[in-house]
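Visitor: I would like a close look at a single part of this model. Please take one sheet, strand by strand, and then show me what lies around it.

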Number of protein chains: 2
Amino acid sequence: MTSMSLTIAVDLGGTHIRTASYNSESITPIAHYRTRTNAHEPGVFDRLAQAIGNVWSDDVTSMGVASPGPLDPYTGTILATPNIPEWRNFRLAQKLSERFGVPVHLDNDANMAGFGEWTFGAGKGHHNLVYLTISTGVGGGVICNDALLQGFHGLATELGHMIVDPDGPPCGCGKNGHVESFSSGTAIARYTTEQIQAGQKTSLQLDGDPSSPLRANLTAKQIAEAALAGDSLAISAFARAGYYLGIAVANYLAIFDPSIVIFGGGVSQVGDLLFKPFEESLRKHTFHPHYLDNLVIAKAALGDDVGLLGALAWARFKRSNEMARVE
Amino acid sequence: MTSMSLTIAVDLGGTHIRTASYNSESITPIAHYRTRTNAHEPGVFDRLAQAIGNVWSDDVTSMGVASPGPLDPYTGTILATPNIPEWRNFRLAQKLSERFGVPVHLDNDANMAGFGEWTFGAGKGHHNLVYLTISTGVGGGVICNDALLQGFHGLATELGHMIVDPDGPPCGCGKNGHVESFSSGTAIARYTTEQIQAGQKTSLQLDGDPSSPLRANLTAKQIAEAALAGDSLAISAFARAGYYLGIAVANYLAIFDPSIVIFGGGVSQVGDLLFKPFEESLRKHTFHPHYLDNLVIAKAALGDDVGLLGALAWARFKRSNEMARVE
C-alpha cells in the first residue's frame with residue numbers, strides 16, 4: 001500500500017475540458033481545473049494534457065476519462081467523434097498513459113455518467129439501472145446485474161439511437177427515426193422551426209435564415225420559456241418529445257426491466273412540460289403494468305459533475321479490480 | 001458429495017409437456033417423456049407432475065423449468081400466460097418443490113433457450129449474446145457480461161414487444177407496433193390475409209371465414225411454400241417481416257452490442273425468404289458499421305431440445321451457485 005493514492009478524473013466535453021484529482025475516500029476534489037475544449041481547433045490533446053498537468057501530483061495512481069464517442073473502451077481508442085474532427089481512431093488512453101505513466105480508463109460520457117449515478121448518485125443500491133441524458137442528443141448508460149453494460153465492441157447502450165419509427169425525422173447521426181431525432185433538444189428545436197415555417201402561430205421568432213431549419217437558431221431553452229408562458233406550439237413540441245420518450249422508455253423497460261430510470265441532461269430540467277406527456281405515454285406503451293411496480297423514475301443527482309464523478313468511479317473500480325487480480 | 005446427482009429438465013410448451021432426467025456430465029437424457037399439455041383444459045399441473053414423475057429417480061437433486069411467461073423467476077410464479085388460463089399468479093416452482101422435495105428453478109422459455117444456446121449450443125464462448133426465437137410470437141433471451149439478463153422483476157428481454165412503429169399493427173399482447181406484430185408467423189399470416197382480402201393476387205386461398213383475418217387460417221408455413229413457388233404476395237410478406245426484423249436487430253445491436261445473434265423458432269427455418277431482406281435492412285439500419293465487425297449471425301443449434309437443455313443448463317448453474325455458497 002502507498003501512503004496516498006490519488007485518482008484523476010477527466011470530463012472531455014464538446015465545450016469544456018474539466019480535470020480533477022481525488023484521494024481514495026472522497027468525491028470532493030483536491031484540485032480542479034476547467035478550460036475550453038476548442039474542439040474544432042488543432043491541439044485538443046495538448047490542451048487536455050495541460051489540463052491534467054494542472055491537477056497532477058506524484059501520488060496519482062490511475063486516471064478515468066469520460067469522452068464523447070463512439071469509442072472503444074477496451075483499447076481506449078476514440079473511433080470518431082463529430083466534435084473533435086482531428087481525432088479518428090485516436091488512441092487516447094494509450095497516449096495519456098505514456099505521457100503520465102499511470103493506467104488510463106476510458107468510456108463514453110453517457111456510460112460514465114450512468115456509472116457515476118450508480119456509484120455515487122441517484123442509483124446507489126440498484127442492481128439494474130437505466131440512465132438517460134437528454135440534451136442536444138440523447139445518450140444512455142446501463143447497469144445490468146451490478147455491471148456496466150459495454151458490449152462486444154464497447155458500443156452498447158447507444159440508447160438515443162434506437163429506432164422508434166423507421167419513417168421518422170433524420171437524426172444527427174444521419175439515420176432516421178431514432179428517439180434522439182424526436183426527443184433531444186435539437187429535435188425539439190427542429191420540429192418547432194418546421195412548424196413555424198409551415199405557418200403555425202407562436203410567440204417564438206426565428207432568427208438567422210428562416211428558410212433553413214438548421215440555421216434558424218431556436219434553442220430548446222427558448223422554446224421551454226415560451227411553453228411556460230403558454231405558447232401552444234412550444235407546449236406541443238415538448239409534448240411530442242415526451243410522447244416519443246415514453247415509447248423509448250417503454251422499450252427499455254421491456255428490454256432491461258430496470259428498478260430505476262434516471263434522467264440527466266439540460267433538456268430533462270424542464271420538468272412537467274416534458275415529463276407529464278412522457279409519463280402518460282410510458283403508461284400507455286409499457287408492455288405489462290408489472291414493469292412499473294416499484295419502478296423509480298428519478299432525476300440525476302450529480303449535476304454538472306456527473307462526467308467527472310463517473311470517470312472517478314470507473315477509474316477506482318478498474319483499479320480495485322486490478323489490485324484484486326494482483327493479490 | 002452424493003454418488004450420483006441427477007437433474008430434471010421440464011419444457012412446458014403450449015402444445016407439449018416434455019420432461020427429461022440427466023446425470024451431471026451429459027446432455028443426453030437418461031429418461032425422456034412427452035405428453036400433450038391440453039393447456040386450455042383443467043389439470044395442467046397434475047399432467048405436469050405426472051410427466052415429471054415418469055422420469056423421476058431418487059438421485060434427482062434439482063429441477064429446471066422452461067415455461068411460457070410472463071412469470072417471476074425469483075419467486076417461481078407464473079403471473080399469467082395466455083395459453084394456460086387456469087394459472088394466474090400460480091406459484092409453480094413452490095408447488096413442484098413441495099411435491100418433489102428438490103429446488104425448482106424457473107424462467108420463461110425464451111430466456112431458457114438463450115441460456116441453453118449459450119451453455120451448450122451456438123453461443124458457447126460468447127460473453128454478449130442475443131437469442132431470438134421467431135415462431136407464432138417473437139421471444140428473446142440475452143447474455144450480458146456472461147450473465148443471463150433477468151431484470152428487477154424478472155421481466156427483462158421481452159424483445160418481441162419492442163415498439164418499432166407506434167402506429168403499427170396490433171400485437172397479440174394488445175399493444176401496437178411491436179416487432180412481433182410485424183415479424184412473427186402470426187403477423188406474416190395476418191398481413192397476407194389482409195392483402196388477399198384487399199384484392200391482392202396470389203396463389204394462396206383463404207379457408208374458413210374469409211371476412212375475418214383471425215379465422216382465415218393461413219399459416220406461415222403455407223405462405224413460405226407459396227413464396228418458394230414464386231408467389232409474389234407471399235414473397236413480399238416475408239420481405240416485410242425481414243425488413244422489420246432488421247430494424248429490431250439494429251436496435252438490439254445499438255442496445256446490447258452482442259458478439260452473436262442466434263435465431264431459433266419455426267419461422268427462422270425459412271432461410272433466405274426472411275434472412276435476405278433481414279440482412280439488407282440490418283445493414284441499412286445499424287447505427288454504426290463497427291457493430292457488424294466480427295458479429296456472428298447464427299442459427300440455433302439445439303433444435304427442438306432447446307427448452308429442455310436450457311432448463312437443464314439453468315438448474316445446473318443455479319445448483320453450482322448454491323454449492324459454492326454452502327462451501
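**The five-stranded sheet of chain B**

Guide: B:Phe263 stands opposite B:Lys299 in strand E13 of chain B. Start from that pair. The model is predicted, so local features are taken only where pLDDT is at least 70. B:Phe263 lies in strand E12 (residues 260-264) of chain B, and four bridges join E12(B) to E13(B). These two strands run parallel.

Now step back to the whole sheet. It is open and has five strands. Their order in chain B is E11-E10-E9-E12-E13, and the pairing is mixed. Two strands form the edges: E11 (147-148) and E13 (296-299) of chain B. Each of them pairs on one side only.

Go next to strand E9 (residues 129-134) of chain B. Six of its six residues are buried, so E9(B) is largely enclosed by the rest of the structure. In a regular strand, side chains alternate between the two faces of the sheet. Check both faces here. On one side of E9(B) sit B:Leu129, B:Tyr131 and B:Thr133. On the other sit B:Val130, B:Leu132 and B:Ile134. Both faces are covered.

E9(B) has two partners to follow. Take strand E10 (residues 138-144) of chain B. Six bridges join E9(B) to E10(B), and the two run antiparallel. B:Val130 has B:Val142 as its bridge partner in E10(B). The connection from E9(B) to E10(B) is a hairpin through three residues. Then take E12(B). Five bridges join E9(B) to E12(B), and this pair runs parallel. Here B:Thr133 is matched with B:Gly264 as its bridge partner.

Move on to the turn after E10(B). B:Asp146 is in the loop between E10 and E11 of chain B. Its phi is positive, about 65°, although B:Asp146 is not a glycine. Most residues other than glycine have a negative phi. B:Asp146 is exposed, with 12 other C-beta atoms within 10 Å. In chain A, look at A:Asn145. This residue is in the loop between strand E10 (138-144) and strand E11 (147-148) of chain A. A:Asn145 is not a glycine either, yet has a positive phi of about 50°. It counts as partly exposed, with 16 C-beta neighbours inside 10 Å.

Another backbone feature lies outside this sheet. The peptide bond from B:Gly69 to B:Pro70 is cis, with omega near -5°. B:Pro70 is in the loop between E4 and strand E5 (71-72) of chain B. Chain A has a cis bond between A:Gly69 and A:Pro70, with omega about 0°. A:Pro70 is placed in the loop between strand E4 (60-67) and strand E5 (71-72) of chain A.

Now the helices. In helix H2 (residues 92-100) of chain B, the residues B:Leu92, B:Ala93 and B:Leu96 are buried. Seen down the axis of H2(B), these buried residues fall within an arc of 95°, so they line one face of the helix. They pack against strands E4 (60-67), E6 (77-80), E7 (88-90) and E8 (104-108) of chain B. B:Gly101 follows H2(B), and its phi is positive, near 75°.

Compare helix H6 (residues 220-228) of chain A. Its buried residues are A:Ala220, A:Ile223, A:Ala224, A:Ala226 and A:Ala227. Down the axis of H6(A) they fall within an arc of 160°, so they line one face of the helix. Their cover includes helix H5 (185-197), H7 and helix H8 (272-285) of chain A. After H6(A) comes A:Gly230, with a positive phi near 100°.

A:Ile223 leads to the core. The largest nonpolar core has 202 residues. Those with the most contacts inside it are A:Ile223, A:Ala311, B:Ile223 and B:Ala311. Among the residues that B:Ile223 touches are B:Ile188, B:Leu204, B:Leu218 and B:Ala237.

Last, the two chains together. A rotation of 180° with 0.0 Å of shift along its axis superposes chain A on chain B, with an RMSD of 0.0 Å. That is the relation of a two-fold axis. The same surface serves both copies, as 100% of the contact residues of chain A recur in chain B. Across the interface, 38 residues of chain A are in contact with 38 residues of chain B. Helix H7 (residues 232-256) of chain A gives the largest share of the chain A side, six residues. By class, that side has 22 nonpolar, 11 polar and five charged residues.

Definitions and conventions: Residues numbered from 1 in each chain as written. Chains lettered and ligands numbered in written order. Predicted model: local features only at pLDDT ≥ 70, side-chain atom pairs only at ≥ 80, totals over all residues. Buried ≥ 20, exposed ≤ 12 C-beta atoms within 10 Å, placed from the backbone. Arc of directions from axis to C-beta. Contact = placed C-beta atoms within 7 Å. Least-squares fit on C-alpha atoms with pLDDT ≥ 70 in both. Nonpolar A, V, L, I, M, F, W, Y, C, P; charged D, E, K, R; others polar. Core = buried A, V, L, I, M, F, W, Y, C linked by C-beta atoms within 7 Å. Pairing = 2+ DSSP bridges. Lists of a residue's contacts leave out its neighbours within four places in sequence.
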